[in-house]
Amino acid sequence: MVLLGLTSAIGAGAIRMAADAEPLFQINLFQVVIAAANFVVFLVLMYTFAFKPVAKMLSDRKERIEQGLKDADQAKRDRESAETDRLAALTEARREANDILARAQKVAQETRDADIAATREELERMRVRASDEIEGEKQRALAELRGEVADLALKAAERLVNETMTDQRQRRLVEEFLADPTPKASSGTKR
């Protein structure tokens with residue numbers, strides 16, 4: 001109960017105070033103007049020290065991002081261009097390699113043909129030289145054989161004639177015989 005009495009006493013004191021006091025809702029124009037001025041000063045300070053740097057930072061970031069995108073696009077174009085250049089260079093290198101290979105094959109074929117021609121010429125020279133040597137040997141052998149035949153013929157003639165001929169006469173007869181190898185028919189000789 002004491003609590004109830006205490007509450008009623010506080011309530012009655014509050015009512016009396018409210019009756020003595022001014023009305024509860026009253027607009028004080030001076031305080032509104034001060035509050036508005038405080039608010040404007042606060043906004044100016046916020047704009048100057050917070051919004052402006054943040055806006056500049058955001059603007060700089062936007063520019064960096066846009067520049068990064070431009071750089072990325074340029075890098076992509078450069079990469080595509082480099083790829084095209086690389087393919088062109090690769091194609092050119094392959095073409096040059098094929099040209100070099102074709103020239104090398106042509107030079108090798110020409111060298112091979114020249115070597116074959118030189119070998120054929122050398123073989124022909126060797127054949128001609130061998131033919132000449134064979135002909136020379138043949139002539140020497142024939143001359144030697146003629147000399148031996150002449151000696152044999154002289155010996156045979158010497159036996160038939162039973163007379164000894166002089167060396168000088170024998171040589172003359174052999175030379176005559178060799179100069180005219182066709183046998184002459186003797187008109188009065190019989191065997």
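## A charged network to start with

Let's begin with a trio of charged residues: Glu92, Arg95 and Asp99 are joined to one another in a network of salt bridges. Please keep in mind that this is a predicted model, so the details here describe a prediction. Across the whole structure, a search turns up eight salt bridges.

## Overall layout

The chain holds three helices and zero strands. Read from the N terminus, the order of elements is α-α-α. Helix α1 covers residues 2-20, helix α2 takes in residues 29-161, and helix α3 spans residues 167-179.

How much of the chain is buried? Just 3% of the 191 residues count as buried. The accessible surface adds up to about 17600 Å², and carbon and sulfur atoms account for 62% of that area.

## How far to trust each part

Mean pLDDT for the chain is 82, with 78% of the residues at 70 or more. Which helix has the highest confidence, and which the lowest? Helix α2 comes out highest, at a mean of 90, while helix α1 is lowest, at a mean of 61.

At the far end of the chain, residues 185-191 have pLDDT under 50 throughout. The model gives this stretch zero contacts beyond four places in sequence. When you look at regions like this, remember that coordinates predicted with low pLDDT should not be read in detail.

## Salt bridges along helix α2

Two pairs in helix α2 are worth finding on your screen. In one of them, the side chains of Glu122 and Arg125 form a salt bridge, with N to O at 2.4 Å. Where do these partners sit relative to each other? They are three residues apart in helix α2, which means that about one helical turn separates Arg125 from Glu122. Arg125 is partly exposed, because its relative accessibility of 47% lies between the 20% and 50% cut-offs. Glu122 is partly exposed as well, with a relative accessible area of 32%.

The other pair is Glu124 with Arg127, whose side chains meet in a salt bridge at 2.4 Å, N to O. These residues are three apart in helix α2, so about one helical turn lies between Glu124 and Arg127. Glu124 counts as partly exposed at 38% relative accessibility, and Arg127 counts as partly exposed at 47%.

## A salt bridge in helix α3

Moving on to helix α3, you will find a salt bridge between the side chains of Arg172 and Glu176, at 3.0 Å from N to O. How many residues apart are Arg172 and Glu176? They are four residues apart, about one turn of the helix. Arg172 is partly exposed, with a relative accessibility of 42%. Its partner Glu176 is also partly exposed, at 44% relative accessible area.

## A nonpolar patch on the surface

Charged pairs are one part of the picture; here is a nonpolar part. Phe25, Ile27, Leu29, Val32 and Val33 make up a nonpolar surface patch. Together these residues offer about 590 Å² of accessible area.

One member of the patch, Leu29, belongs to helix α2. Is Leu29 buried or exposed? Leu29 is exposed, because its relative accessible area of 62% is over the 50% cut-off.

Note on methods. Residues numbered from 1 in each chain as written. Predicted model: local features only at pLDDT ≥ 70, side-chain atom pairs only at ≥ 80, totals over all residues. Heavy atoms only, no water. Buried < 20%, exposed > 50% of the residue type's maximum accessible area, 1.4 Å probe, protein only. Areas by Shrake-Rupley, 256 points an atom, 1.4 Å probe, with all protein chains shown as cover. Patch = residues over 30% accessible without salt bridge, like charges linked within 9 Å, V, L, I, M, F, W, Y side chains within 5 Å. Salt bridge = Lys/Arg side-chain N within 4 Å of Asp/Glu carboxyl O. pLDDT = per-residue confidence, 0-100. Contact = heavy atoms within 4.5 Å.
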